[in-house]
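User: I have a structure open and would like to talk through its charged pairs and its chain contact. Can you walk me through it?

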Amino acid sequence: MPPEPPTPLPVYRAEIYITLKPSVLDPAGTAITKGLQQQQYEGVQQVRIGKYIELTLTATDPATAHAQVERMCQEVLTNPVIETYRFTLEAGR
Amino acid sequence: MKCAIVVFPGSNCDRDMAWVTEQILQQPTRLVWHGETDLGEADLVILPGGFSYGDYLRCGALARFSPVMGAVVRHAQAGKWVLGVCNGFQILTEAGLLPGTLMRNRELRFICDQVAVRVERRDLAWTCQYDVNQILTLPIAHGEGCYYAEPPVLQELEQRRQVVFRYHGTNPNGSVAEIAGICNPQGNVLGMMPHPERASDADLGGTDGLGLFQGLLAWYAENACCRLSL
């Protein structure tokens, strides 16, 4: 009897949002704030611009997937000097 | 003085730099592809300007993980010279060899211009051919040259006299404390946004940057060794 193929690892989908730290001036956000206000959206108080990254990964379980995304954010995807991040993680297909 | 110039995918000042070290200064020079892991007997390693990896994710963020960077870090830790210009400076901060980071220019525009840059100290190989407070005219060409560091880091930089160059008069990009170039505490790693290699050949309109390379060469000749003894 042929050996059973290994069970594929479950896939997870992460949505990562990266923004500049609140203490760091965001010149692009400031420019857009002014632009919106000039377009009569006087109620606009502050715009902050960031990055959105979505990725899929395989991992043995949700906790491992979470830990991996956390580490990717800290070591590669953001510059901790100026940026901060948050992400959501869900089981993918 | 053996020079190694690292070429990343997207480097575009590597040949300008080689023109200075090889043709003008007559020093043995090797262009090192970023996938290599051996810098050989290099005394000076240069990370040139350009747009490594298209500046995707962040300037210098992906270049930092190039195979060659392990050797660059070891070279720096051994006290040997490392120069990062423009994108090279961004890579040095991403790699943690220099503190802080480079952000979008305050006015959000890419700036290509000549700027006045003040020399802050001359007790380094990089600046021993200049005078303290000497004003140099150097070209800049960058969209993300606004140096930023958290206040405590900045304070430490000032205390340890790690600011080597400051913009004089006009601050083109909004850099904190007018910083144009910094070194590590030992002084062997220098990162700067202005391009000394583009101001080293009289045919290009100015030679204010040549002193930086000549300083290194003089220091090297005197110490017959690439390690700094500060």
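Analyst: What follows covers the salt bridges and then the interface; the model is a predicted one.

User: How many salt bridges are there over all chains?

Analyst: The count comes to 16 over all chains.

User: Why would side chains pair like that at all?

Analyst: Side chains of opposite charge can pair when their charged atoms come close.

User: Which residue does B:Glu120 form a salt bridge with?

Analyst: B:Glu120 pairs with B:Arg166, with the closest N and O atoms 3.0 Å apart. B:Glu120 sits in the loop between strand E6 (111-119) and strand E7 (135-142) of chain B, and B:Arg166 is in strand E9 (residues 163-167) of chain B, so the pair ties together parts that are 46 residues apart in sequence.

User: Is B:Arg166 buried or exposed?

Analyst: Its relative accessibility is 12%, so B:Arg166 counts as buried. B:Glu120, at 21%, is partly exposed.

User: And what about B:Arg160, which residue is its partner?

Analyst: B:Arg160 forms a salt bridge with B:Glu156, at 3.5 Å between the closest N and O atoms. B:Arg160 is partly exposed at 43%, and B:Glu156 is partly exposed at 38%.

User: Which residues are joined into one network?

Analyst: A:Arg13, A:Glu15, A:Glu54 and A:Glu90, through salt bridges that share partners.

User: Changing topic: how many salt bridges are there across the interface of chain A and chain B?

Analyst: The rule finds two. A:Lys21 forms a salt bridge with B:Glu150, the closest N and O atoms being 3.1 Å apart. B:Arg58 and A:Glu83 meet in a salt bridge as well, at 3.9 Å from N to O. That pair crosses between chains, from the loop between strand E3 (44-47) and helix H2 (69-77) of chain B to strand E3 (residues 83-91) of chain A.

User: Is B:Arg58 buried or exposed?

Analyst: B:Arg58 is buried, with 9% relative accessibility. A:Glu83 is buried too, at 10%.

User: How many residues does the contact take from each chain?

Analyst: The contact takes 18 residues from chain A and 14 residues from chain B. Between them the chains bury about 1,200 Å², 63% of it on carbon and sulfur atoms.

User: Which residues in chain A lose the most area to chain B?

Analyst: A:Pro27, A:Val76 and A:Val81, which together account for 35% of what that side buries.

User: How many residue pairs are in polar contact across the interface?

Analyst: Seven residue pairs, both residues at pLDDT 80 or more. As for the side of chain A that touches chain B, its residues divide into eleven nonpolar, three polar and four charged.

How values were computed
Residues numbered from 1 in each chain as written. Chains lettered and ligands numbered in written order. Predicted model: local features only at pLDDT ≥ 70, side-chain atom pairs only at ≥ 80, totals over all residues. Heavy atoms only, no water. Salt bridge = Lys/Arg side-chain N within 4 Å of Asp/Glu carboxyl O. Helix = DSSP H or I, 4+ residues; strand = E, 2+ residues; numbered from the N terminus. Buried < 20%, exposed > 50% of the residue type's maximum accessible area, 1.4 Å probe, protein only. Contact = heavy atoms within 4.5 Å. Buried area = accessible area lost by both parts, 1.4 Å probe. Polar contact = N/O pair within 3.5 Å; in protein donor to acceptor, adjacent residues only side chain to side chain. Nonpolar A, V, L, I, M, F, W, Y, C, P; charged D, E, K, R; others polar.
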